[in-house]
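Thank you all for coming. Please have a look at the structure on the screen, and I will then walk you through a few parts of it.

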Amino acid sequence: MSRQSGRRPRARKARGASAVGRRFEAEVGPVAHGGHFVARVPAGADGEERVVFVRHALPGERVVLEVTDGTDGDRFWRADAVEVLTPSPDRVTAPCPYAGPGLCGGCDFQHVDLAAQCRLKADVVREQLRRVARLDVEVVVEAVPGDEAGLHWRTRQRYVPLADGRRGMRKHRSHEVVEVDECLLEAPAGPSYDVEGRAFEVADGGFWQVHPGAPSALVRAVLEALRPQPGESVLDLYAGVGLFSRFLLEAVGPEGRVAAVEADPAASALSATNCPGLLARPGDVAEVLAGGLPGAWDTADLVVLDPPRAGAKRAVVEQVVARSPRAVAYVACDPGALARDVAIFAEHGYRLASLRAFDLFPMTHHVECVALLERQPA
């Protein structure tokens, strides 16, 4: 299952005088991948414009923005909308008192109506597929059960410990901490090991989807897309603790086979426990596939790909298509990586047959997709 990166942005070498703190009045343009919106401001006496990626804004708004990152030599700047002159009809009052410019960086869209959040995420997925994969795809982002108007869904939450038992959250792209009483995304109870009536064992600190409605929604989407038949062989790649493998084994029956590959050895071992009859192989997915699985386990009528945020990339995609599966279900948490890999599949004769998107991370810019790739006739 997908993993979100915890890496901090790398420090960049300054390429001119700092623009941080400068203010401009600007018209806000479309949403961009990453939870911000595109604006343009004058950057020099010659009338040249600079692209600015603005947080806390909405398309069509007139705002005063304040630059938070950038120098005169950069191609683009980052900024916060610190004053809204002409608000969008999709703007709402943020339910969290710690959401806003200079405050907690955990949420991107607290100021956006929930239905509008889904439309913005759909725009990003559509734009990435159009720009990177040259595909024009209609996208609808579906809500799933398990949150309360976009709140109280995060079953695992981390705070920054502060003195005297206090706690905080980090600012956007920063190590600075904002003290908070609570995060409104945090769920009242921890994650369940119960999906569609099946129990799963997960190691302490191991990966599991944080939205309580996510596992069921993703399992149903994958099974509906692939339509596994009794006797078929399946490869479950980046398999985690075997969420998809468990249901795939039931679908292909005793005459079928499911092999699961997962880099984390602890999760791989648990997938064998959670899924009796599964062939579980720990290791880097590209390396395991290149080395081959034993005998008939190395074949694939169907493949499930659920890579981390960076995507599967060419080495894995080419190992998958070398086995000529009839269909591939690709579970993606990053639209850009999905679009790149869909384009690689297309090079090898696999077309994007369907796409579903789910709002598994309300109030943030993140979105989860399930894409079906089918082999085209020669």
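Before anything else, a word we will need: a residue is called buried when its relative accessible area is under 20%. Please also keep in mind that what you see is a predicted model.

Let me begin with strand S3, which covers residues 49-55, and where 5 of the 7 residues fall into that buried class, so the strand is largely enclosed by the rest of the structure. Which strands does S3 pair with? One partner is strand S2, residues 36-42, which runs antiparallel to S3 and is joined to it by 6 bridges, and within this pair Ala39 stands opposite Val52. Another partner is strand S5, residues 76-86, and here the pairing is parallel, over 5 bridges, with Arg55 standing opposite Asp80. As a general reminder, strands of a sheet pair through backbone hydrogen bonds, and they may do so in either the parallel or the antiparallel sense.

Elsewhere there is an open sheet of 3 strands, in the order S7-S8-S9, and its pairing is antiparallel. The edges are taken by S7, residues 160-161, and S9, residues 177-180, and because each of these has a single partner strand, one side of each is left without a neighbour in the sheet. Between S7 and S8, residues 167-170, there are 2 bridges, and Val160 is found opposite Gly168.

Now to a helix, namely H2, which has 13 residues, from 214 to 226, and spans 18 Å from its first C-alpha to its last, close to the 18 Å expected at 1.5 Å a residue. Its buried residues include Pro215, Leu218, Val219 and Val222, and the buried residues of H2 pack against several elements, among them helix H3, strand S16 and strand S17. Just after the helix comes Arg227, whose phi is positive, near 50°.

Finally, let me turn to the record, since an unreviewed UniProt entry lists Gln209, Tyr238, Glu262 and Asp306 under "binding site". Are Glu262 and Asp306 buried or exposed? Glu262 has a relative accessibility of 5% and therefore counts as buried, and Asp306, with a relative accessible area of 0%, is buried as well. Glu262 belongs to strand S13, residues 257-262, and its side chain reaches the backbone nitrogen of Gly240 at 2.8 Å. Asp306, for its part, sits in the loop between strand S15 and helix H6.

How values were computed. Residues are numbered from 1 along each chain as its sequence is written. This is a predicted model: local features need pLDDT of at least 70, side-chain atom pairs count only at pLDDT 80 or more; totals for chains, interfaces and linings use all residues. Side-chain values use heavy atoms; hydrogens and water are left out. UniProt positions are given in the numbering used here, feature names are shortened, and annotations may be inferred rather than shown by experiment. Helices (H or I, at least four residues) and strands (E, at least two) are DSSP runs, numbered from the N terminus. Buried means under 20% relative accessible area, exposed over 50%, partly exposed in between (1.4 Å probe, protein chains only). A polar contact is a pair of N or O atoms within 3.5 Å; within protein, one must be able to donate a hydrogen and the other to accept it, and residues adjacent in sequence count only if both atoms are side-chain atoms. The expected span of a helix is 1.5 Å times one less than its number of residues. Contact means heavy atoms within 4.5 Å. Two strands pair if DSSP finds at least two bridges between them.
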